[in-house]
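Got the model open and a selection tool ready? Let's walk through it stop by stop, picking residues as we go.

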Amino acid sequence: MELAKGDADMRGISEADAETLIEEHLRERGWNLTDFTVTRKRWREDLDGEEADRVFLYEGQVVAILEAKKPGKDLWAALEQAKGYARTYRRNTGQDVPLIFASDGEGFVRQNLRANTLPERLAVFPTPAEFLEFFRPQATELHGTLRDYQRVAVSQVLAAAQSGRKRMYLQMATGTGKTITAAGIIAKLWSVGLVRRALFLVDRDALAAQTVRKFKTHLGDNFNIDRATGGRDDRHRDVLVTTIQHLAVGSKYLNYPQEHFDLVILDECHRSYFGDWYPVLEYFADGGAILLGLTATPADKETVNTDRFFTDPGQYRGPIYRYTIRQAETNPEVPEWERLAQCIHHKFHTNVDLEGVHDMGFDFEPDQLGRAVDVPERNRLIAHTYFEDILGTREPVKTIVFAASIAHAKNLRYALIEEYNRRNNLPPNDAAAEKFIVAVHNEMPGAAGIIEEFQRVTDVAERRAIIEQAHKDPNMAPRPIVLVGIGMLDTGIDAPDVEVLLMARPTKSKVLYVQMKGRGTRKCRETGKTFYKLVDFVDITRLEPVITNDTPGIEDEPVEQEEEDLIRQEREREKEPEREPEEEPAAEQEMVIADVPVHLVFSETISPAVLEELRRQVEAQLRGGLEREALKQRFAQTVLCWRYLRGTPTPDHAFLSTLGFGVEALRDLYGEPEATLEDFVAVATGEADFDTLRRRRDFEKWALDKGLSKEQRELVFMVCDFKRANPEIKPEQILRSQWLQQAGGLTHIKRHFDNLDSLIGLADEALALEVGTAVERENDHGNDT
């Protein structure tokens with residue numbers, strides 16, 4: 001509604017008519033005029049018989065007075081009238097009235113009595129959230145409940161937004177409070193005027209409901225928060241939460257004006273958003289919204305699209321703030337119960353044969369993987385190991401089992417049930433355990449309810465009661481203690497009492513491993529859980545150093561008999577009396593130490609003189625190499641400092657030259673006469689190697705001759721990388737691949753090519769050129785010799 005109607009339309013309007021216009025405007029701004037604890041009209045209490053047109057209440061006290069006048073009346077005089085009411089109210093109650101307003105139905109005038117400032121014109125009346133923010137800043141209150149590392153994340157986003165950045169993302173380990181951090185960001189950006197409406201996007205319906213509950217807990221006092229419906233009421237909400245699918249299907253996002261949201265937050269931003277949902281994000285970004293991503297996944301090649309999408313032009317790619325699993329486990333500034341639970345790794349070899357399973361880039365082809373790992377003997381071994389070696393009891397604990405396919409999940413579930421029956425002296429076909437050892441997947445009716453039940457915290461006594469009831473009541477509804485899942489349990493599960501994670505699904509994906517491991521990282525005060533067990537049957541813990549920069553302590557790794565024999569023999573030799581070495585004719589030998597050939601007289605014992613001779617020969621030759629390595633490290637540190645201070649990926653050429661790192665000097669240092677400054681920066685920071693960069697240059701020359709656009713070149717190069725790892729891959733398998741999603745989905749590809757076959761054909765041509773180039777180089781070397 002527009003308050004201003006024009007001079008002609010406002011002629012003849014009475015004060016009562018102006019009040020009607022004002023009330024309609026207040027409703028459109030989100031005020032509930034029937035909530036008499038918030039606002040009332042015709043207020044006379046504590047005003048010595050006088051009457052204020054409308055007052056606004058906070059905690060039972062009048063905190064603002066609004067005087068209505070018909071158009072043409074002096075609003076500044078109306079403010080003086082309201083100011084008189086405020087003085088009377090203070091004299092009678094001892095309470096100040098901080099704000100006064102006046103309106104004629106066309107606009108508003110406000111004066112802040114608390115700040116003692118002059119009156120100011122307003123085009124619109126404040127929303128309830130803006131009003132409450134004045135009296136009790138949500139950012140200040142919420143900031144006091146955040147942990148130090150969460151406050152740093154909020155500050156990083158604030159600084160980036162104030163500097164004009166429109167795209168950014170945070171990397172925070174699962175269990176470190178990404179949702180409350182997001183609430184803090186919304187409140188802080190609101191308090192400084194950068195945000196008035198926010199949209200929080202998730203990729204699963206269960207996560208949307210969960211987020212609304214958490215936001216209402218942390219922001220609900222001031223902010224109007226709800227699930228997005230696409231209806232008229234959405235425009236009155238300060239924060240809307242929904243799934244990306246809800247907005248994309250049927251193009252419901254077009255129901256909102258493009259500039260409606262100032263902030264769009266994407267949870268789990270490494271997934272789902274770059275395929276068919278891409279237009280949703282671009283629509284709001286084009287309207288000026290800040291796009292903020294949240295993820296637990298460290299950045300690398302697998303998340304390259306995340307880095308690209310959430311980086312403004314000219315900015316350094318990567319998260320603007322990072323809080324890792326290792327930090328979250330050990331941070332001494334965080335109370336013990338709020339740190340992440342420690343992980344105890346167990347590893348068992350089950351001879352998984354992935355021969356013939358297609359490598360789909362960042363993971364395996366799902367159908368083939370399911371068939372490869374779903375072996376009855378192996379399923380029984382996993383069930384036996386779980387009860388025998390991990391639990392050592394007959395009763396299960398809260399456990400998540402990650403399976404590779406629906407059939408695999410079903411068969412693993414029944415292997416666990418059969419093992420439970422065997423250990424409890426029950427008939428093999430006893431079905432009681434079906435009630436608490438449950439499988440769940442997307443195609444299963446009631447899956448969401450089962451997951452919700454699983455997320456209820458249950459201690460030892462309650463778990464025993466569930467098991468007892470399952471044996472007594474054949475009609476009991478499922479109450480899972482062990483949940484076997486495929487595709488539904490890696491995200492969206494908040495079950496802090498989970499004590500065991502059984503990894504029965506092989507993966508190459510660091511993203512998936514981080515999400516699966518995150519299901520166990522939370523501590524649980526109610527059950528006393530301070531650690532959890534990650535049981536690896538598929539060599540998945542090889543990804544651990546990638547996500548924590550540490551190598552896990554693997555328990556239960558069997559010691560080979562041959563190693564034990566060697567250790568015993570070594571100890572026996574140590575017990576034997578030492579014998580004097582016999583003199584033998586000296587002979588000169590050549591050795592290689594640190595890639596340096598040295599010559600010395602052979603001796604069974606190394607005397608100080610021999611050590612000195614070694615030092616003398618090696619030192620001179622190593623000095624040059626060590627100096628080169630030191631220079632390379634200095635160059636890498638210079639690049640990182642530049643990126644941190646200036647925010648651009650490549651340092652200025654003149655700046656580097658003054659430090660002795662001109663292009664010619666770098667070519668001599670690295671021995672790469674054709675490399676560019678950008679090449680040296682990429683190598684120094686570990687983003688690429690020279691072979692890859694040479695291959696990319698050759699590709700770019702070919703692509704430019706073909707007349708390919710930048711977007712087309714990127715897609716063709718990605719297919720080339722994918723096909724190098726999967727030479728025999730078929731187009732129909734590419735359609736099901738994770739790579740296609742990473743590339744933006746089929747819709748994005750059709751935007752730049754006629755069809756997928758055209759893209760694959762160009763990639764094959766580029767790869768053939770690459771092979772030809774390698775052969776030519778080989779022939780050239782042959783001719784030289």
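Select W43 and look across to strand 2, where A52 is its bridge partner. Keep in mind throughout that this is a predicted model. Now widen the selection to residues 39-43, which make up strand 1; four bridges tie strand 1 to strand 2, and the two run antiparallel.

Next, pick up strand 2 in full, residues 52-58. How many of its residues are buried? Seven of the seven, so strand 2 is largely enclosed by the rest of the structure.

Carry on into strand 3, residues 61-68. Strand 3 runs antiparallel to strand 2, with five bridges between them. To see one of these pairs, click Y58 and then Q61, its bridge partner in strand 3. The hairpin of strand 2 and strand 3 has two residues between the strands. Stop at E59 there and check its backbone: phi is positive, near 55°.

Stay around these strands and select E19, which belongs to helix 2, residues 15-28. Is E19 buried or exposed? With a relative accessible area of 10%, E19 falls below the 20% cut-off, so E19 counts as buried. Show what surrounds E19: leaving out residues up to four places away in sequence, E19 touches K41, R42, D53 and A68.

Time to jump along the chain. Select Y386, L416, F436, V484, L489 and M503, the residues with the most contacts inside the largest nonpolar core, a set of 58 residues. Zoom in on Y386 and hide its neighbours within four places in sequence; what remains in contact with Y386 is L391, P396, V397, T399, L416, V482, V500 and L502. Another core lies apart from this one, with 47 residues. To find that second core, select A182, F200, A208 and V212, which are among its members.

For the last stop, colour helix 24 (residues 677-684) and helix 25 (residues 690-706). Their axes come within 10 Å and cross at roughly 140°, and helix 24 passes helix 25 in a right-handed crossing. Which residues make the contact? On helix 24, show D679, F680, A682 and V683; on helix 25, show F690, L693 and R697. Colour this contact by residue class and you get five nonpolar residues, two charged ones and no polar ones.

Terms used
Residues numbered from 1 in each chain as written. Predicted model: local features only at pLDDT ≥ 70, side-chain atom pairs only at ≥ 80, totals over all residues. Heavy atoms only, no water. Core = buried A, V, L, I, M, F, W, Y, C linked by side-chain atoms within 4.5 Å. Buried < 20%, exposed > 50% of the residue type's maximum accessible area, 1.4 Å probe, protein only. Contact = heavy atoms within 4.5 Å. Axes fitted to C-alpha atoms, helices over the stretch in contact; angles between N-to-C directions. Left-handed = near helix turned anticlockwise from the far one by under 90°. Nonpolar A, V, L, I, M, F, W, Y, C, P; charged D, E, K, R; others polar. Pairing = 2+ DSSP bridges.
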